[in-house]
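Colleague: I'd like a close look at one part of this model. Could you take me through it slowly?

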Amino acid sequence: MDWEQQDSRTGDDPKWESVDFRHLSAFQKVYQDRSYVNAGQGVFATRKSVVRMMQNLERSFDCVLFNEGLRGELHPTPFADRLFNDLRFLNAARHRMKDHVAAIHEDGRVLNVGCSAAVFRTREFRNLFRELQSLGGIRACYSPIDSADAGKALVSGHCDFYIGCWTGSGSRFVTQNAGAVPFRPYQRVGSESARVPLGQMGGEYYLVSLDGQVPDAGAVSDAGGGAKILTDSQWLYWLDHPEKCPEGTVVIGPEVEIDKDRWCLGEDELSVVGRQPLHASFLRQHPYEFMPKLMEKIQTRAAF
């Protein structure tokens, strides 16, 4: 029987299921030491026990592992060479898994939280993310994901949670409320401009579409009137490059950190003219068993 025949037979042999992994550890010692006696010392077994282990493996694999020379030296067969090499890779994977589990117990499981760049800039998301980071047993990490790719990111495992205005459709996702983003009126002003009441602001009005969604139109009608829709990417561009936004422009947008030399909130900095709900979604078949409970904590923020 040549090597290819031996390999194909053992691959489909149901006797593989009866292999004792302690015998495989003994096999590795025998292979390295080329001696039943020395291997027995390494696994705390007698020579007779080691020989019996090798015989059990040979019956399971239906292949000879070692040929014994005239002076008792052991010569591994091609099948033994292949088995030893495969076990090296298996042991390396086992050690990596062991290290990963130890890291989880020591540092906490990594929880990848995805959201769009616009949602990430909001105060509501940042407060929620800090609360997640303060929980024991997990390490919250942020992954920038556009709302259009949220479903794919959850299915592929690129993120564990998606937090935003997107809601997962179908039975494969679990989606619950995660809070609401306040919308406030901002006006682009010069460094020397004085604060004025919202009703006296000049310039064009815009309403930010956060993740493609806008707050209730009635909630912002008094502040914005016939406001034009502004994409969240354009809103972020104006936030980072205020000089590109015409002075006097009024933007009704999510609550964010602003450059107070370039933007003002009018006379009342605490005014809220609308709210956009946020949702937290994850894959129903997620391997982390604590996800439903974590969702409950997100839904009832006071429980943190």
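Which residues of H4 are buried?

Modeller: Happy to, and keep in mind that this is a predicted model. The buried residues of H4, the helix of residues 47–61, are Val50, Val51, Met53, Met54, Leu57, Ser60 and Phe61. To see how such a list can arise, think about the geometry. An α-helix makes a turn every 3.6 residues, so residues three or four places apart point the same way. Now try that on the list: Val50, Met53, Met54, Leu57, Ser60 and Phe61 are among the buried residues.

You can check the length of H4 too. With 15 residues at 1.5 Å a residue, the helix should span 21 Å, and its end C-alpha atoms are indeed 21 Å apart, so the two agree. Right after H4 comes aspartate 62, which has a positive phi, near 55 degrees.

For contrast, have a look at a strand. In a regular strand, side chains alternate between the two faces of the sheet. In S7, Tyr205, Leu207 and Ser209 point one way while Tyr206 and Val208 point the other, and all of them are buried. Because five of the five residues of S7 are buried, this strand is largely enclosed by the rest of the structure. S7 also has partners: it runs parallel to S9, joined by three bridges, and pairs with S8, also in the parallel sense, over four bridges. Tyrosine 206 of S7 is a handy place to look, since tyrosine 206 sits opposite valine 251 in S9 and has lysine 228 as its bridge partner in S8.

Technical notes:
Residues numbered from 1 in each chain as written. Predicted model: local features only at pLDDT ≥ 70, side-chain atom pairs only at ≥ 80, totals over all residues. Heavy atoms only, no water. Buried < 20%, exposed > 50% of the residue type's maximum accessible area, 1.4 Å probe, protein only. Helix = DSSP H or I, 4+ residues; strand = E, 2+ residues; numbered from the N terminus. Pairing = 2+ DSSP bridges. Expected span 1.5 Å × (residues − 1).
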